[in-house]
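Here is a walk through one structure, step by step. Keep the coordinates open while you read.

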Amino acid sequence: MSAPAAAVSPDGKKTAFAWMDKRRDGKDPDVYWTLATGLSISTDGPVSDSTAGDQNHPQLAFSPDGKLVYAVWEDRRSGGGQQIYGTHSGLKGKNLALSGQSRAAYPAIACGGEMVAVVWETDRETVEFAQFPK
Amino acid sequence: MKWTAFAAILCLAQDPPALVVVADDAKQPQVAVDADGGIYVTFLRGGNIQVSVSTDGGKTFSKPVTAIDSRGNARGGMQRGPRIGVDAQKNVYVSAPVCFDDAELKQQYPKAELWLAISRDGGKTFGDKVRINEVEKKAPEALHWLAVTSTGEVHVAWIDGRTGKPAVFYKVFTEAGAKPGKDLRLAEPVCECCAPFVAIDKGGNPLVAFREGGQKPSREIFAMRSTNKGKSFQAPVQVNRAASKLPT
């Protein structure tokens with residue numbers, strides 16, 4: 001099915017979760033996320049600025065200073081093959097397209113130093129890397 | 001005024017990030033980054049668990065090396081690939097479900113065990129694998145997650161059926177992965193086909209997320225925290241605020 005994603009800030013005070021969710025119509029999967037203090041979770045919402053098509057397989061990572069949480073996920077909003085999209089908590093809902101021309105799936109993200117690294121697999125059976133745009 | 005508007009448009013126009021091919025004939029990647037920005041990517045390639053490293057900010061990646069020699073038998077699909085973490089000493093930790101039992105490999109769906117391999121030289125070479133799950137053949141898909149602290153504690157959560165129901169089990173390796181703790185059962189029943197997730201704070205306290213199981217019209221997301229570095233966990237808390245409508 002689809003693993004939920006979680007992240008915790010370096011100081012342990014903030015948490016973030018993302019998961020595949022079908023609450024909108026019971027059919028098309030969307031990715032929802034929530035940012036919380038500890039496990040005091042009050043709200044959640046779609047991470048994507050478009051719920052067209054399927055969204056799935058999210059991952060999260062906090063920046064090393066704990067100020068931003070990054071999210072990446074598969075997104076089929078264009079109706080064709082899925083691409084990798086991303087956002088962070090400072091972008092106020094804006095999404096960024098991260099992958100290229102190939103169909104892309106199963107993104108993973110990690111932060112360290114100044115690096116925010118994203119990788120995914122493509123339908124050409126390659127593993128690709130991109131740095132999350134600054 | 002015009003310049004301000006033009007600048008705003010420039011800020012909103014996104015240049016696609018430069019893409020770099022880490023490895024050909026590879027799938028199911030996961031990534032870790034060290035405190036200096038070194039990038040460590042693991043993936044399935046040729047039925048083996050391999051790792052490639054970048055020390056130049058992702059401009060180039062090393063030729064893949066084998067972390068777990070699976071004799072070509074490692075299988076992926078969905079989120080069943082390897083996981084990776086790195087500590088402050090740049091020890092690299094890779095976990096993966098692999099079956100090494102020749103009789104089992106003749107089955108259509110051979111039961112895997114969950115393995116850990118460690119590199120003490122920044123991902124150039126890996127030592128012998130060790131089994132993570134204590135009870136054999138009870139974690140057939142070994143859907144799992146791994147997280148590593150800067151001081152080298154290795155936290156692993158996986159789906160294990162030893163109790164008769166799919167459960168989240170947990171284990172911590174201390175001493176830079178050299179000393180395994182005991183398997184700890186965290187929750188059951190859980191979704192049998194959803195990997196659990198582990199995240200960890202700087203103090204070494206983990207957070208585990210999972211999707212519940214059982215016969216339900218909507219399986220929800222739960223999380224558990226530990227404040228003693230994974231020795232015990234608080235009761236699970238539901239994460240999603242409305243039914244996720246993912247049935248059994």
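## A walk through chain B and its partner

B:P189 lies in the loop of chain B that links β14 (184–187) and β15 (197–200). This is a predicted model. The residue deserves a look at its backbone. The peptide bond leading from B:E188 into B:P189 is cis. Its omega is near -10°.

Two lysines also deserve a backbone check. Take B:K137 to begin with. It sits in the loop between β9 (130–131) and β10 (144–148) of chain B. Its phi is near 60°, which is a positive value in a residue other than glycine. Is B:K137 buried or exposed? Neither label fits, because 15 C-beta neighbours inside 10 Å make B:K137 partly exposed; a residue needs 20 or more to be buried and 12 or fewer to be exposed.

Now take B:K245. This residue belongs to the segment after β18 (237–238) of chain B. Phi of B:K245 is near 60°, again a positive value outside glycine. B:K245 has 17 other C-beta atoms within 10 Å, so it counts as partly exposed.

B:G77 is a useful contrast in setting. It is found in the loop between β5 (65–68) and β6 (83–86) of chain B. B:G77 has 10 C-beta neighbours inside 10 Å and therefore counts as exposed. In sequence, B:G77 and B:N240 are 163 residues apart. In space, 26 Å separates their C-alpha atoms.

Next comes a sheet. In chain B, four strands form an open sheet in the order β2-β3-β4-β5, with antiparallel pairing. Which strands stand at the edges? They are β2 and β5 of chain B. Each has a single partner strand, so one side of each is left without a neighbour in the sheet. On average, neighbouring strands here are turned by 35° against each other, direction ignored.

Look inside this sheet at one pairing. Strand β3(B) is joined to β4 (residues 48–54) of chain B by seven bridges, and the two run antiparallel. Across this pair, B:Y40 stands opposite B:V53 in β4(B).

The two chains also meet. How many residues does each chain bring to the contact? Chain B brings 56 and chain A brings 50. On the side of chain B that touches chain A, the elements giving two or more residues are β1 (20–24), β2 (26–33), β3 (39–45), β15, β16 (206–211) and β17 (221–225). The largest share, eight residues, comes from β2(B). Sorted by class, this side of chain B has 34 nonpolar, 11 polar and 11 charged residues.

Strand pairing crosses between the chains as well. Four bridges join β11 (residues 126–131) of chain A to β1(B), and these strands run antiparallel. One facing pair to find is A:F129 and B:V20, the latter in β1(B).

Finally, turn to the nonpolar core. The largest one has 115 residues. Within it, B:V31 and B:V208 have the most contacts. Strand β9 (residues 104–112) of chain A gives the most to this core, with seven residues.

Center the view on B:V31. What does B:V31 touch, leaving aside its neighbours within four places in sequence? From chain A, B:V31 is in contact with A:A108, A:I109, A:A110, A:A117 and A:V119. From chain B, the partners of B:V31 are B:I39, B:Y40, B:V41 and B:I84. One of these, B:Y40, has already appeared opposite B:V53.

Methods:
Residues are numbered from 1 along each chain as its sequence is written. Chains are lettered from A and ligands numbered from 1 in the order in which they are written. This is a predicted model: local features need pLDDT of at least 70, side-chain atom pairs count only at pLDDT 80 or more; totals for chains, interfaces and linings use all residues. Two residues are in contact if their C-beta atoms, placed from the backbone, lie within 7 Å. Ala, Val, Leu, Ile, Met, Phe, Trp, Tyr, Cys and Pro count as nonpolar, Asp, Glu, Lys and Arg as charged, and the others, Gly among them, as polar. Two strands pair if DSSP finds at least two bridges between them. A nonpolar core is a set of buried Ala, Val, Leu, Ile, Met, Phe, Trp, Tyr and Cys residues joined through C-beta atoms within 7 Å. Axes are lines fitted to C-alpha atoms, for helices over the stretch in contact, and angles run from 0 to 180 degrees between N-to-C directions.
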